[in-house]
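Hi,

Here is the structure I said I would pass on to you. Have a look at it first, and then read my notes underneath.

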Amino acid sequence: MGIVVENVTKQYGSFLAVENVSLEVPTGSLVALLGPSGSGKSTLLRMIAGLETHDTGHVWLIGEDATYKSVQERQIGFVFQHYALFKHLTVRQNIAFPLEIRKFAKSRIQPRVEELLELVKLQGFGDRYPSQLSGGQRQRVALARALAVQPRILLLDEPFGALDAKVRKELRAGLRQLHEDVHVTTVLVTHDQEEAMEVADQIVVMNHGRIEQVGTPAEIYDHPATPFVMSFIGPVNVLPTNSGVLPGRDLNPQSNEQVFLRPHDVLIQTNPAENTTPAKVYRVLNLGWEIRVELVLKSGETVNAFLSREQFNQLNIHQEQRVYVTSKQAKVFPAPAYGVR
């Protein structure tokens with residue numbers, strides 16, 4: 001395994017940031033730590049890097065116990081959200097800096113810098129200063145600098161968080177391609193579900209300092225282990241069991257359960273049929289690539305449905321129209337116990 005975390009805990013005063021977490025990251029994989037702010041993902045990343053000391057547990061890197069090793073001894077490349085580039089150095093000098101610190105021969109530094117400039121698609125930008133680059137270009141310089149000394153492990157802490165949506169999407173594709181080229185064991189911290197789904201081989205979903213689920217993007221999305229995972233990974237309707245959207249299933253309305261239904265699994269019909277429930281079209285949003293339909297069920301709950309343009313045109317529905325709803329696929333989870341960690 002590239003990274004093994006065993007029973008790691010970190011507490012700041014009365015706040016338990018990471019609670020008894022164990023995790024394995026396969027060598028050469030790209031794993032995303034995904035969760036909301038305060039879920040412990042950045043704290044866990046910093047403990048792997050040696051930037052934070054954990055209260056209990058062990059960290060193993062490439063088969064070696066790194067629990068008490070310094071940051072330098074761990075041979076890790078780290079990329080921060082805000083680049084941390086040296087403003088007074090050119091792009092070439094920024095990338096060369098870690099090589100110079102480690103006393104690499106000058107004859108090795110220049111070829112390595114040019115190789116990295118090509119790897120991150122910045123040929124021709126080597127003599128510019130960070131102020132002359134876009135945010136996306138600066139983040140690519142930061143990636144190149146982190147890779148300069150050929151680290152055993154690459155850690156990325158919200159690397160695209162400060163960039164606009166279009167640039168983030170471009171850099172995500174670039175990161176995936178970069179990983180295919182260098183195959184360094186990589187851990188990415190993000191709160192962006194789409195980013196994790198698009199880039200990672202495996203996703204680790206964190207909440208309140210604990211791991212809720214580990215799996216491939218498909219496993220996490222299609223087979224969520226907890227209501228938090230299903231709610232956090234993609235949009236979802238949360239309904240009471242007596243809402244009528246679960247065909248052919250007799251659920252106790254008094255039970256401590258909720259129905260979780262993704263908008264694209266809501267089926268709309270214009271005529272009544274067995275196992276459907278009446279609803280009224282409250283609003284239709286045409287977003288070009290998809291149509292979002294907001295429905296109000298007979299029981300009073302609001303349900304969002306996502307339709308393709310083709311489906312919408314076939315149904316030919318409009319605001320205030322009476323329709324009939326059922327579900328293609330839904331999951332039932334116990335209602336969360338609020339206030340319980």
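What follows is a run through what turned up, from the overall picture down to single residues.

One thing to keep in mind throughout: this is a predicted model.

**Overall picture**

The protein has nine helices and 18 strands. Its C-alpha trace spans about 75 × 45 × 30 Å along the principal axes. Of the 341 residues, 46% are buried. As for the outside, about 17,000 Å² is exposed, and carbon and sulfur atoms supply 49% of that. If you look at contacts between residues at least 6 apart in sequence, 67% of them join residues at least 24 apart.

**Strands at the N-terminal end**

Strand 1 (residues 3-12) has two pairings to look at. With strand 2 (residues 15-25) it pairs in the antiparallel sense over seven bridges, and Tyr12 has Phe15 in strand 2 as its bridge partner. Two residues sit between the strands of this hairpin, and Gly13 takes a positive phi near 60 degrees there. Strand 1 also pairs with strand 4 (residues 56-61), again in the antiparallel sense, over five bridges. In that pairing, Thr9 is matched with Thr56 of strand 4.

**The five-stranded sheet**

Further along the chain, five strands make an open sheet, with antiparallel pairing and the order 13-17-14-15-16. Strand 13 (266-269) and strand 16 (302-307) are at the edges with a single partner strand each, so one side of each has no neighbour in the sheet. From one strand to the next, the twist averages 45 degrees.

Inside that sheet, strand 14 (residues 277-286) and strand 15 (residues 291-297) run antiparallel and are joined by seven bridges. If you want a residue pair to click on, Lys280 stands opposite Val296 of strand 15.

**Salt bridges**

How many salt bridges does a search of the whole structure find? It finds 18. Here are some of them.

- Glu115 and Arg112: their side chains meet at 3.1 Å, N to O. Both residues lie in helix 3 (residues 106-119), three residues apart, which is about one turn of the helix. Glu115 counts as partly exposed at 44% relative accessibility, whereas Arg112 counts as buried at 15%.
- Lys169 and Glu194: the closest N and O atoms of this salt bridge are 3.2 Å apart. This pair links distant parts of the chain, with Lys169 in helix 5 (residues 165-182) and Glu194 in helix 6 (residues 193-199), 25 residues apart. Both ends are partly exposed: Lys169 has 42% relative accessibility, and Glu194 has 45%.
- Arg292 and Glu290: here the side chains meet in a salt bridge at 3.0 Å, N to O. Arg292 counts as partly exposed at 34% relative accessibility, but Glu290 counts as buried, because its 15% is under the 20% cut-off.

There is a network too: salt bridges that share partners join Lys169, Arg172, Glu194 and Glu198.

**A nonpolar patch**

On the surface, Leu51, Val71 and Phe80 form a nonpolar patch, and together they have about 210 Å² of accessible area. Val71 is in the loop between strand 5 (64-65) and strand 6 (76-79). With a relative accessible area of 32%, Val71 is partly exposed, and that value is over the 30% that a patch residue needs.

**Gln329**

Last one. Where is Gln329 found? Its place is the loop between strand 17 (322-327) and strand 18 (331-334). Gln329 counts as partly exposed, at 41% relative accessibility. Leaving aside residues up to four places away in sequence, Gln329 touches Asp222, Leu261 and Asp265. Asp222 is 107 residues from Gln329 along the chain, yet the C-alpha atoms of the two are separated by 10.0 Å.

That's the lot from me. Shout if anything is unclear.

Cheers

Definitions and conventions. Residues are numbered from 1 along each chain as its sequence is written. This is a predicted model: local features need pLDDT of at least 70, side-chain atom pairs count only at pLDDT 80 or more; totals for chains, interfaces and linings use all residues. Side-chain values use heavy atoms; hydrogens and water are left out. Two strands pair if DSSP finds at least two bridges between them. Helices (H or I, at least four residues) and strands (E, at least two) are DSSP runs, numbered from the N terminus. Axes are lines fitted to C-alpha atoms, for helices over the stretch in contact, and angles run from 0 to 180 degrees between N-to-C directions. Buried means under 20% relative accessible area, exposed over 50%, partly exposed in between (1.4 Å probe, protein chains only). Contact means heavy atoms within 4.5 Å. Patches are made of residues with over 30% relative accessible area and no salt bridge: like charges are joined within 9 Å, nonpolar side chains (Val, Leu, Ile, Met, Phe, Trp, Tyr) within 5 Å. Accessible areas come from the Shrake-Rupley method with a 1.4 Å probe; for residues, only the protein chains shown count as cover. A salt bridge is a side-chain nitrogen of Lys or Arg within 4 Å of a carboxyl oxygen of Asp or Glu.
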